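Subject: Structure for your review

Dear colleague,

Please find below the structure that I agreed to hand over, with its sequence. My notes on what was found in it follow.

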Amino acid sequence: MSNWIAVDWGTSNLRVWLVGNDGTILDNRSSDRGMGSLAPEDFEGVLVELVADWLGEGVTEAVACGMIGARQGWVEAPYAAVPCRPSQNQTIAAPCADPRLSVRILPGLSQTTPAPDVMRGEETQVAGFLAANPRFDGVICLPGTHTKWVQVSAKEVVGFLTYMTGEMFALLSKQSVLRHSLGGKEWDQAAFIEALDDTLSHPAGLGTKLFRLRAAELLLGQASGIARAKLSGMLIGLELAGARSYWLGQNIALIGDAALCKTYAAALERQGVPTRMADATEMTLAGLTAAYLQNKDACHEP
C-alpha cells in the first residue's frame, strides 16, 4: 500500500494528512480555503498547492469527506440513504487535470422518513467510531453547529436527527438583543445546570426565558458568564427534550470538540445517562482510512 492523502474539506476550512503505507500520519496541514469560498473549478488548484511536495511521479490517491461533496462543492457526491453502513457507500471521482492526483469523495447520508434529514461529514466520524467499536449499538451524538443524533445498530446507521443548537446559540449571542448581555467567555456551571433542568422539564417556556437573560442583566446586574451558561443550558435542554427517544435508555457516544462534548456529557449525566467520548479528528481519520481500504479492496476484486 502506497502513501495516500486524507482530506476533510468543510465549509470554512480544509485539513489534509499524508498517511503512510503502514497507516501512520507522516504530515498534516490546514488551510482557510473552505468550500464556502471556492467555485468548483478552484478545488483542484487549492488542494494541489497545499500538498504539492507530497506528490511523486506516480498517482497519489486521496479520499475526501465533508462539504467538498456538496452540490456547491468540487463535484456532488449524492447522499446515501439510510439504513446503510457509513463506510461502505460508493465514492465519487473528482475531475483532476493533474495526473499525479486521484481524488475520491465520500457521500453524505440522507433519510426521508420519519422526517427528511441529511448529514455530510459527520458520517465519516461515525464510520471511524464503528471501525474502532464494531460491536457498538446505541446512539452517537455529534455536538456542533448542527448537532446530530445518530442511531446505530449492527454497524449500520438506521436513522438520525439534526438540531441547530450551535447555530442558534451563535445567532442569539451575536445578532440578537442578548448580545449585550453575553460578552466574554466566562462560564457558570451551576447556572448552566439550573437552566438545563428547567428547560428540559418545561420547554414551552423557552421564548420568554430567553428575554429574561437581558432583563436580568439590566435590572439585577447578572454577570455575562451566568447569562452565557444559562443560554447554553436552555438550548441544550430544548434539544434534549426533543431528542429524548434517542438518548433515554441508550448507549451514548459523543464525538466532537472536547469542551462541547463535556458540556453534553454533563447534561446527559444529569438524566442518569452515562456517555463515552471520542476525539473528532481521530474519528475522521479512522473513517477516511476505512473508506480508503474499502475502495482499495473493491478495486482488487476479481
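In these notes, a residue is called buried if its relative accessible area is under 20%, exposed if that area is over 50%, and partly exposed in between. Please bear in mind throughout that this is a predicted model.

Helix α3

By the cut-off just given, T165, F169 and S173 are the buried residues of α3. Viewed down the helix axis, these buried residues fall within an arc of 55 degrees, so they line one face of α3. The face turned away from that buried side carries K174 and Q175, which are exposed. The elements that cover the buried residues of α3 include β12, α6 and α8.

Just ahead of this helix is M164, in the loop between β12 and α3. With a relative accessible area of 44%, M164 is partly exposed. Apart from its neighbours within four places in sequence, M164 is in contact with T145 and H146. The C-alpha atoms of M164 and M35 are 20 Å apart, and 129 residues separate the two in sequence.

The second largest pocket

Helix α3 also takes part in a pocket. The second largest pocket holds about 370 Å³ of space. Its lining consists of 19 residues, and those nearest the centre are G166, F169, S232, I236 and L260. F169 thus appears twice in these notes, as one of the buried residues of α3 and as one of the residues nearest the centre of this pocket. At least two lining residues come from each of α3 (165–175), α6 (224–242) and α8 (258–269). Which helix gives the most to this lining? The answer is α3, with six residues. By class, the lining has eight nonpolar, eight polar and three charged residues.

The largest pocket

The largest pocket contains about 1100 Å³ of space. It is lined by 33 residues, and G10, T11, M67, R120 and E122 lie nearest its centre. Two or more lining residues are given by each of β4 (60–66), β9, α2 (122–132), β13 (252–256) and α9 (280–299). The lining divides into 14 polar, 11 nonpolar and eight charged residues.

The sheet β5-β8-β9

Strand β9, which contributes to the largest pocket, is also part of an open sheet of three strands in the order β5-β8-β9, with mixed pairing. The edges are held by β5 (80–81) and β9 (117–119); each has a single partner strand, so one side of each is left without a neighbour in the sheet. Strands β8 (residues 109–111) and β9 run antiparallel and are joined by three bridges. Within this pair, Q111 of β8 stands opposite D117 in β9.

Is S110, a residue of strand β8, buried or exposed? At 16% relative accessibility, S110 counts as buried, because this value is under the 20% cut-off. Leaving aside neighbours within four places in sequence, the contacts of S110 are Y79, A80, A81, V82, D117, V118 and F160. One of these contacts, V82, lies 28 residues from S110 along the chain, with a C-alpha separation of 6.2 Å.

Backbone geometry

Several places deserve a look at the backbone. As a general point, most residues other than glycine have a negative phi, and most peptide bonds are trans.

Two cis peptide bonds may be noted here:

- The bond from V82 to P83 is cis, with omega near 5 degrees. P83 lies in the loop between β5 and β6 (92–93).
- The bond joining T113 and P114 is cis, with omega about 5 degrees. P114 lies in the loop between β8 and β9.

Positive phi values are found in the loop between β11 (147–153) and β12 (156–163), where A154 is located. A154 is not a glycine, yet its phi is about 55 degrees. K155 is found in the loop between β11 and β12 as well, and its phi is near 70 degrees, a positive value in a residue other than glycine. K155 counts as partly exposed, at 35% relative accessibility.

Yours sincerely

Key. Residues numbered from 1 in each chain as written. Predicted model: local features only at pLDDT ≥ 70, side-chain atom pairs only at ≥ 80, totals over all residues. Heavy atoms only, no water. Pairing = 2+ DSSP bridges. Helix = DSSP H or I, 4+ residues; strand = E, 2+ residues; numbered from the N terminus. 1 Å grid on protein atoms, 1.4 Å probe; cavity = no way out; pocket = protein on both sides within 12 Å on 5 of 7 lines; lining within 4 Å. Points joined across faces, edges and corners; volume = space filled by probe spheres on them. Nonpolar A, V, L, I, M, F, W, Y, C, P; charged D, E, K, R; others polar. Buried < 20%, exposed > 50% of the residue type's maximum accessible area, 1.4 Å probe, protein only. Contact = heavy atoms within 4.5 Å. Arc of directions from axis to C-beta.
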